[in-house]
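Reader: I am new to this structure. Please take me closely through its sheet, and then through whatever lies against it or away from it.

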Amino acid sequence: MSESIVIALIGVSGAVIGSAATVSVQWLSHYLQERAAERREKPRKDILLKMLKSPKYQWRKLETLMHVIGADEEATKRLLLEVGARASEDGKPLWGLIERNPLPEGNE
């Protein structure tokens, strides 16, 4: 094999290895950030579940849930959906677990 072909193959190999390393580092960084975010949100989700499973309340006010977990409305709603909750159908800002408050039949 000529010297120029060997140099070209080394250059191509370096580009492929560099690209693979860049993609791997980006994926690892994203994975670690997502894992850290999930770890930060777990206590909030646990509190929401405890509040929503309380036998004292069938539905909870969104404002109360937001205040207790210290989150804004958007984050609270996202977390509520992630734990299996839904909003009430009457337009009031009330939330409850789907398992305790299933959607009525025929309201699809």
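Author: The sheet comes first, then the helix against it, the core and some single residues. This is a predicted model, where local features need pLDDT of at least 70, side-chain atom pairs count only at pLDDT 80 or more, and totals for chains, interfaces and linings use all residues. Residues are numbered from 1 along each chain as its sequence is written, and side-chain values use heavy atoms, with hydrogens and water left out.

Start with the strands. The sheet is open and has 3 strands, in the order β1-β3-β2, with antiparallel pairing. Helices (H or I, at least four residues) and strands (E, at least two) are DSSP runs, numbered from the N terminus. Two strands pair if DSSP finds at least two bridges between them. The edges are β1 (60-61) and β2 (85-87), each of which pairs on one side only.

Now the pairings. β1 and β3 are joined by 2 bridges in the antiparallel sense. Across them, lysine 61 stands opposite leucine 94 in β3. On the other side, 3 bridges tie β2 to β3 (residues 94-97), and these two strands also run antiparallel. Arginine 86 faces glycine 96 in β3. Alanine 85 has leucine 97 of β3 as its bridge partner. β2 and β3 form a hairpin with 6 residues between the strands. In that hairpin, glycine 91 takes a positive phi near 85 degrees.

At the start of β1 sits arginine 60. The charged end of arginine 60 lies over the ring of tyrosine 57, 3.9 Å from its centre. The test for this asks that NZ of Lys or CZ of Arg be within 6 Å of the ring centre and within 35 degrees of the ring normal.

Next, the helix. α1 runs over residues 3-53. α1 packs on the sheet and touches β1, β2 and β3. Its direction makes about 90 degrees with that of β3. Contact here means heavy atoms within 4.5 Å. Axes are lines fitted to C-alpha atoms, for helices over the stretch in contact, and angles run from 0 to 180 degrees between N-to-C directions.

Helix and sheet both feed a core. The largest nonpolar core has 14 residues. Such a core is a set of buried Ala, Val, Leu, Ile, Met, Phe, Trp, Tyr and Cys residues joined through side-chain atoms within 4.5 Å. Buried is under 20% relative accessible area, exposed is over 50%, and partly exposed is in between (1.4 Å probe, protein chains only). Leu48, Leu52, Leu65, Ile69, Leu80, Ala85 and Trp95 touch the most other members. α1, α2 (62-69), α3 (73-82) and β3 each supply at least two residues.

Take two of those members. Alanine 85 touches Leu52, Leu80, Trp95, Gly96, Leu97 and Ile98, not counting residues up to four places away in sequence. Leucine 48 lies in α1. Leucine 48 counts as buried because its relative accessibility is 0%. Beyond its neighbours within four places, leucine 48 is in contact with Leu65, Ile69, Leu79 and Leu80. Leucine 48 and valine 83 are 35 residues apart in sequence, yet 7.9 Å apart in space, C-alpha to C-alpha.

Arginine 44 also lies in α1. Arginine 44 is partly exposed because its relative accessible area is 28%. Residues up to four places away aside, arginine 44 touches Ile69, Gly70, Ala71 and Leu79.

Now look elsewhere along α1. The structure holds 1 aromatic pair. Tryptophan 27 and tyrosine 31 form this pair, stacked at 5.5 Å centre to centre with 10 degrees between the planes. Rings of Phe, Tyr and Trp (its six-membered ring) pair if their centres lie within 6.5 Å; planes under 30 degrees apart count as stacked, over 60 as edge-to-face and the rest as tilted. Both residues are in α1, 4 residues apart, about one turn of the helix. Tryptophan 27 is exposed because its relative accessible area is 54%. Tyrosine 31 is partly exposed because its value is 39%.

Last comes the segment after β3, where glutamate 99 lies. Glutamate 99 is exposed because its relative accessible area is 63%. Glutamate 99 and glutamine 26 are 73 residues apart in sequence and 39 Å apart in space, C-alpha to C-alpha.
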